[in-house]
Amino acid sequence: MSIEIKELKYTYSPGSPFAHKALDGINLSIPEGQVTAIIGQTGSGKSTLVQHLNGLLKVQEGSIDIAGYHLEPQMKLKEIKQLRKKVGLVFQFPEYQLFEETIGKDIAFGPINFGDTPEMAMEKAKTILPKVGLDESLIERSPFDLSGGQKRRVAIAGILVQDPEILVLDEPAAGLDPQGAEEMMNLFMSLNKEQGKTIILVSHDMEHVLQYCDNVIVLENGKVKTFCDTKTFFKHPEWMKEIGINPPGIVTLKQKLMENGFVIDPEIFDEEELAVAIESQVKSNG
């Protein structure tokens, strides 16, 4: 089943002079088992939207159907505790998720909260660390002694250890070097392809969106501006220009080539295919 969001609205500090409407009637049907990107400028409502998906923010108006749960304004927090086992949310800033005195205890917190013994939870923590690129020897270290990239890996481990059906990732590669970002994205993609996990990815990195995502949702001023498959989105550079987002390098290159007389198939998003197309046209024109 898809994730169904209907007329979702959310206002911060309602009824006060500081009231701010962050979501203004969101309607979406997000496919399960696929990788969907959510993009938009700062303040467009991306983080507010994804924090609704595991009940971190309570629905004020509208409804969400996700992982067998129907979220609506009348729901109590205890009714959605188990949802957070099925829908794992990785925050944009890992410091928001790290609070225990050791890395092991931090990662084990979730499994213990959902019924594992401390011993079982710690074994799971040891198993998950290598999957996020961290050595088991770090398990007794304080998470606050780590680099920014390592903190992000620990935060991700703390969600993956619960084996959620749906992974919601808010800028998961931020703070990682290019190799680390690629490794982490490949891990998420393997979870999608091999285990069928639904991935929802908030990202400003259009290279990642083009390379890894099946669908793109564009938010603007708390509303859905665009929702389509990834290739369709990147066939329209003007859509990115409208929201102030730089397109991937290959899209920019295609634009420049077409401005200089080349005829480029709109379906080409691979560098090797593009090189072949350019070579063919250069040869045919002498």
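1. Let's start with asparagine 192. Setting aside neighbours within four places in sequence, asparagine 192 touches Gly33, Gln34, Val35, Lys197 and Ile199. Bear in mind throughout that this is a predicted model. The residue belongs to helix α6, which covers residues 178–195, and with a relative accessibility of 4% asparagine 192 counts as buried. Its side chain has polar company too: a polar atom there lies 2.9 Å from the backbone oxygen of lysine 197, and a polar contact of 3.4 Å links the side chains of asparagine 192 and lysine 193. Lysine 197 therefore turns up twice for this buried residue, once in the list of contacts and once through its backbone oxygen.

2. Next, the sheet. Four strands make an open sheet in the order β2-β1-β4-β5, and the pairing is antiparallel. Which strands stand at the edges? They are β2 (20–30) and β5 (69–71); each has a single partner strand, so one side of each has no neighbour in the sheet. From one strand to the next, the twist averages 20 degrees.

3. Going through the pairings one by one, β1 (residues 3–12) and β2 are joined by eight bridges in the antiparallel sense. If you want a residue pair to click on, leucine 8 has isoleucine 26 as its bridge partner in β2. β1 also pairs with β4, again antiparallel, over four bridges; here lysine 6 is partnered by serine 63 in β4. Finally, strand β4 (residues 61–66) runs antiparallel to β5, with three bridges between them, and isoleucine 64 has leucine 71 as its bridge partner in β5.

4. Two backbone angles deserve a look. Glutamate 7 is not a glycine, yet its phi is positive, near 45 degrees. That residue sits in strand β1 and is partly exposed, at 43% relative accessibility. Alanine 67, also not a glycine, has a positive phi of about 50 degrees. Alanine 67 lies in the loop between β4 and β5. Is alanine 67 buried or exposed? Its relative accessible area is 10%, so alanine 67 is buried, given that the cut-off for buried is under 20%.

5. On to the aromatics, where the count comes to four aromatic pairs. One of them is tyrosine 10 with tyrosine 12, an edge-to-face pair with 5.0 Å between centres and 80 degrees between planes. The two rings belong to residues in separate accessibility classes: tyrosine 10 is buried at 11%, whereas tyrosine 12 is partly exposed at 31%.

6. Another pair is phenylalanine 233 with tryptophan 239, which is tilted, at 6.1 Å centre to centre and 45 degrees between the planes. The label follows from the angle, because edge-to-face needs over 60 degrees and stacked needs under 30. Phenylalanine 233 is buried, with 0% relative accessibility, while tryptophan 239 comes out as partly exposed at 24%. Both belong to one aromatic cluster, made up of Phe233, Phe234 and Trp239.

7. A last item for anyone interested in charges and rings: lysine 254 has its charged end over the ring of phenylalanine 269, at 4.1 Å from the ring centre.

Note on methods
Residues are numbered from 1 along each chain as its sequence is written. This is a predicted model: local features need pLDDT of at least 70, side-chain atom pairs count only at pLDDT 80 or more; totals for chains, interfaces and linings use all residues. Side-chain values use heavy atoms; hydrogens and water are left out. Rings of Phe, Tyr and Trp (its six-membered ring) pair if their centres lie within 6.5 Å; planes under 30 degrees apart count as stacked, over 60 as edge-to-face and the rest as tilted. Buried means under 20% relative accessible area, exposed over 50%, partly exposed in between (1.4 Å probe, protein chains only). A charge sits over a ring if NZ of Lys or CZ of Arg is within 6 Å of the ring centre and within 35 degrees of the ring normal. Two strands pair if DSSP finds at least two bridges between them. Axes are lines fitted to C-alpha atoms, for helices over the stretch in contact, and angles run from 0 to 180 degrees between N-to-C directions. A polar contact is a pair of N or O atoms within 3.5 Å; within protein, one must be able to donate a hydrogen and the other to accept it, and residues adjacent in sequence count only if both atoms are side-chain atoms. Contact means heavy atoms within 4.5 Å.
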